[in-house]
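Work through these short exercises on aromatic rings. Try each task before you read its solution.

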Amino acid sequence: MIFCITQSRVCYISVLLSKINQYLPSPVVFKKPLIIQNPSFTTLRLRSFSSFIDNPKAISFTESTTPSNSLVTNRFSISAQREAQDVLFYYLRFTRNFEFMDAEHISRNSPNFIHNLLSKIESEQGPTYSLSKFLRCRPINEFEPFFESLGLSPSEYSSLLPQNLLFLTDDHMLLNNFHVLCNYGIPRVKIGRMYKEATGIFRYEDGVMDLKLRAYEELGLSRSTVIKLVSCCPLLLVGSVSKEVIGVIDKLKILGIESDWIRGSLSGKMSYNWNRMIDIMDFLDKVGFTDEQQGILFRKNPAILTEGSTMNIHVLIARLLKSGLKLNDIFSLIMQNPQILAGKCAKNLWQAVRFLSKIGTEIGDMTKIIATHTRLLASHSWKAPGTIMKKMEFKKDHLQQILKEDPLKLISLASKCKTSSASKHMEKGTFLLKLGYLENSDEMEKALRNFRGRGDELQERFDCLVRAGLDSHEVSNMVKRSPQVLNQTKDMIEKKINFLRNCLHYPVEFLVASPSYLHCNMERVKLRFTMYVWLLEKGMTKPKALSTIYSCSDDRFVKHFVNIHPNGPSVWESLNASSASRLKKLATSDVNLAHQGNQEMVQVKPK
């Protein structure tokens, strides 16, 4: 009777799985009928199978040899990993009765766990069959894939694993508070950091977490702002509403800044000190900055408030005042270069002022140099004057003379990095500031790596797109989404735009929605578009979006644009041959021109 009940249950699950498979990217396919046998007669080939007999404990992978905080090695094929994800999903959903969204997210976002799970089985009959039997024989520690799916690496969550629990559903408080955060709108991948930094908030009784979240909304913050706030600063959910946050919000309102402005100024990769923010605003008040001036300053560069150091700002303004600048001059200087109050820039600039002061620079000259080279002075740290004089065998008088004749030369000698690289970095940074990036922000650091070339070269390529007929605001948004657009020469960008207009007959506005066209190889686009036009003339295809033609893989293009006509393969081969021949002729002509140029140089070389 038990066997009959089991068979009927298996039939029901098989039907249910077949329906669910329609919505999954890689459905589980059972090569053989799934028949439940008596577990005592079921065998499963495992590595170190004898240890499984001797020590029948739940499987745990926290001591795996897979390196933490690194990409999972491609030891297993993508199809095997997808099958393992499907098996884990079905196990969590139907065996362990997880909610659909929980099972789906855990199974799709725990690559280290999946990798280690696959390493425990022999896949002679396929990962699906072997893993299904494996999970029936041995329970897993469900907290491991759960924490990994929340954005934590194995090394981070190993110390957070409960000592006496294996099943996630046994920790009701954790799951309840987790679901409250998810339902409120906090991304699951950010909840891991919240658990790591404020584990206690996941022990709240029913309704407590929701009340704490609503309390911040009552301060006048929108839900999206509260989400960003608590995901960046989870300790705000500990205890009552933070008085420091209330103080910052109230002060921002006085400065004419909306409460939700803070949302765009926070980064999930950083920690924030709300007391320090209040200290910065109070200090600027005492120095003499008006509410209007502070509001303009913070809007222009939020990092001054969120990342600034009260001590560095205090020392910088004091040294600038001592150097002869008036408060209004300092305000103008800061408004033109707001980044000098954020991060290390403030410290670098007051070090530069101290350096100029120690070598005896006159107040008038110092003021002029600071006003003219503010950005460069704040870009890098400075050596002590004694170090320069000892190394170069200079005296103060000599340094002052260099300063008057060529300030950039002195900056090159005194800075701790090479001026050429610093100037290049500065020029690129200047261009990125024009695009709307914030100085010293995570996005700026990432952009400095992604954009290639000097600032003047990037500006030239940017202007090329504007001259082609695009709005500068549209170009800014386009290159932010796709920095590779500006990583080509101006001539190449112009050629691709001309081909788009004159040969493909597309308007230049097409690039705003599909900037990836500018990344493509010109010859590849020509070949594919020629083949597509030939198919249109034969009536074998319908009009397609240009992005569909140039962005698909070679195999997909051959399948959908070549093989659909009997003569398609021969026409495609002929097009490729003519293209290769044309490229070969161009290469040969280039070589001949280079050889001819070398011969001419030899002839004119003096004897």
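**Exercise 1.** In this predicted model, decide whether F561 is buried or exposed. Then do it for F557.

*Solution.* Start with F561: its relative accessible area is 4%. Buried means under 20%, so F561 is buried. Next take F557, with a relative accessible area of 1%. That value is also under the 20% cut-off, so F557 is buried.

**Exercise 2.** Classify the aromatic pair of F557 and F561, and place the two residues in a helix.

*Solution.* A pair of aromatic rings is described by the distance of the centres and the angle of the planes. For F557 and F561, the centres lie 5.0 Å apart and the planes differ by 15 degrees. Pairing requires centres within 6.5 Å, and stacked requires planes under 30 degrees apart. Therefore F557 and F561 form a stacked pair. Both sit in helix α33 (residues 554-562), 4 residues apart, about one turn of the helix.

**Exercise 3.** How many aromatic pairs does a search of the whole structure find? Classify the pair of Y90 and F94.

*Solution.* The search finds 14 aromatic pairs. Y90 and F94 form one that is stacked, at 6.1 Å centre to centre and 25 degrees between the planes. Both residues belong to helix α3 (residues 78-95), 4 residues apart. Y90 and F94 are both buried.

**Exercise 4.** Which residue lies over the face of F94? Which charged end sits over the ring of Y184?

*Solution.* Over F94 lies R93, 5.9 Å from the ring centre. Over Y184 sits the charged end of R223, 4.3 Å from the centre of the ring.

Methods. Residues numbered from 1 in each chain as written. Predicted model: local features only at pLDDT ≥ 70, side-chain atom pairs only at ≥ 80, totals over all residues. Heavy atoms only, no water. Phe/Tyr/Trp six-rings, centres within 6.5 Å; stacked < 30°, edge-to-face > 60°. Buried < 20%, exposed > 50% of the residue type's maximum accessible area, 1.4 Å probe, protein only. Lys NZ or Arg CZ within 6 Å of the ring centre and 35° of its normal.
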